[in-house]
2 protein chains.
Amino acid sequence: MATLDAEDHSACGGAFRPTYAAPVTSTEPAAPTPRRRRGRPGYDQPAILRAAVELFNRKGYDATSVGDLARELGLTKPAIYHHVTSKEQLLGQALDDALDELTAAVTEASRERAGTTAYERLRAMVRRSVEVLVAHQPSVTLLLRVRGNSEVELAALERRRWLDDRLAALVADAVAEGALRDDVPPKLVSRLLFGMVNSLVEWYRADGAYDPATVADAIITIAFDGLARYEP
Amino acid sequence: MATLDAEDHSACGGAFRPTYAAPVTSTEPAAPTPRRRRGRPGYDQPAILRAAVELFNRKGYDATSVGDLARELGLTKPAIYHHVTSKEQLLGQALDDALDELTAAVTEASRERAGTTAYERLRAMVRRSVEVLVAHQPSVTLLLRVRGNSEVELAALERRRWLDDRLAALVADAVAEGALRDDVPPKLVSRLLFGMVNSLVEWYRADGAYDPATVADAIITIAFDGLARYEP
């Protein structure tokens with residue numbers, strides 16, 4: 001892990017994925033007019049969290065130390081500990097970021113209400129999950145790699161299981177109302193459908209060839225209509 | 001990482017995923033009749049490789065040391081180094097195991113020949129890739145998590161890119177022959193289709209509810225025919 005010198009700080013900040021939705025809180029008041037900072041830039045807790053998630057995804061969580069994070073940011077370890085209590089706290093915050101967004105989306109999709117079918121809510125859920133994944137790609141990537149090696153990871157896996165169960169129930173509802181074919185088990189459909197969505201984290205780039213709507217349209221077309229062309 | 005005592009050796013071996021296709025080579029001659037081993041069981045190179053891949057997947061490659069592997073197997077580090085030259089050698093062998101199988105499958109699917117269409121070869125490739133993934137799940141899991149942190153990893157990513165390019169070309173051929181719809185970019189179709197296949201590594205269990213053929217049928221049904229039921 002190379003130690004970054006002072007000139008590299010802004011480049012380091014620029015290396016974070018631009019798709020990450022930064023929390024809007026800051027420990028510093030906004031400057032009245034833009035001006036060039038001198039010396040070491042300030043890092044607030046959200047900036048440290050972003051850097052930590054990027055490093056966890058690049059090196060693996062277990063292989064990353066607070067010392068690695070300090071070197072990456074050009075800070076001392078005490079400067080890091082001024083903002084965070086532990087590496088695990090950063091992991092927990094990142095996993096909560098992903099899980100809170102996904103939980104909100106699944107809760108909305110699961111809410112039965114007049115004028116919508118389960119099929120419509122399932123299609124909307126696929127679209128929304130692509131949006132969440134793109135907007136929170138680093139923390140969702142981290143979430144999808146969690147193996148259950150600690151209490152924090154086990155708690156995240158427990159929340160993921162709840163999401164998986166709700167999605168499988170939504171698919172089952174869409175089958176029950178006659179909108180979806182019934183010859184593939186709903187739980188298997190749910191795993192494969194959202195497995196296709198989740199696979200985005202491995203290759204999607206915000207500056208790449210496809211915007212989120214194009215990807216969501218493609219997944220919905222493939223999953224619900226299929227790729228095979230039936231000639232009229 | 002707990003140090004395993006002598007009684008735990010067989011349990012440790014049993015924890016490896018049963019779906020892993022073990023290389024048939026062995027440094028020890030086969031015993032003429034089965035008999036119960038006494039004391040420390042022998043570990044040959046394939047057994048050490050299987051344990052290493054399981055540990056890399058559980059802890060992350062960068063966080064796993066040869067010392068961790070020795071403790072997991074109840075061996076000394078010199079005993080490990082009697083069989084392997086480095087941790088990276090084990091990584092390279094595991095990645096080659098996955099890549100060799102996938103390359104053989106893609107090469108076969110890409111081979112144009114009389115009496116087959118690109119559409120048929122694409123469907124066969126989906127089925128074959130599920131089989132490879134299930135039979136080599138630990139090494140494919142490791143492959144799919146490679147980030148490019150070393151020469152070995154960069155070489156693996158280069159081979160993965162070749163596979164991705166061939167799969168995208170196969171999809172494009174199936175579109176060109178009129179078998180697949182042409183309103184989703186072939187490269188995006190390829191990423192999503194094989195993203196759905198690859199997502200298996202995260203949840204598929206050989207002792208679970210679905211055999212490989214059921215999973216392959218489900219993927220082929222979803223991707224080519226779609227889930228939506230059109231009432232007659």
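**Exercises on a predicted two-chain model**

At 8% relative accessibility, A:Asp68 counts as buried. The model in which this residue is found is predicted.

**Exercise 1.** Determine which residue forms a salt bridge with A:Asp68.

*Solution.* A salt bridge requires a side-chain nitrogen of Lys or Arg within 4 Å of a carboxyl oxygen of Asp or Glu. The closest N and O atoms of A:Asp68 and A:Lys59 are 3.8 Å apart, and the two residues form a salt bridge.

**Exercise 2.** Locate the two ends of the salt bridge between A:Arg229 and B:Asp182, and classify their exposure.

*Solution.* First, the closest N and O atoms of this pair lie 3.2 Å apart. The pair crosses between chains: A:Arg229 belongs to the segment after α10 (212–225) of chain A, and B:Asp182 to the loop between α8 (151–176) and α9 (186–198) of chain B. Next, exposed means over 50% relative accessible area and buried means under 20%, with partly exposed in between. A:Arg229, at 32%, is therefore partly exposed, whereas B:Asp182, at 54%, is exposed.

**Exercise 3.** State which helices are tied together by the salt bridge of B:Glu101 and B:Arg128.

*Solution.* The side chains of B:Glu101 and B:Arg128 meet at 3.8 Å, N to O. Because B:Glu101 lies in α5 (residues 87–110) and B:Arg128 in α6 (residues 118–135) of chain B, the pair joins parts 27 residues apart in sequence. B:Glu101 is partly exposed at 27% relative accessibility, and B:Arg128 is partly exposed at 35%.

**Exercise 4.** Establish how chain A is superposed on chain B.

*Solution.* A rotation of 180° with 0.0 Å of shift along its axis achieves this, with an RMSD of 0.0 Å. The two copies are thus related as by a two-fold rotation axis.

Terms used:
Residues are numbered from 1 along each chain as its sequence is written. Chains are lettered from A and ligands numbered from 1 in the order in which they are written. This is a predicted model: local features need pLDDT of at least 70, side-chain atom pairs count only at pLDDT 80 or more; totals for chains, interfaces and linings use all residues. Side-chain values use heavy atoms; hydrogens and water are left out. Copies are superposed by least squares on the C-alpha atoms of residues with pLDDT of at least 70 in both. Buried means under 20% relative accessible area, exposed over 50%, partly exposed in between (1.4 Å probe, protein chains only). Helices (H or I, at least four residues) and strands (E, at least two) are DSSP runs, numbered from the N terminus.
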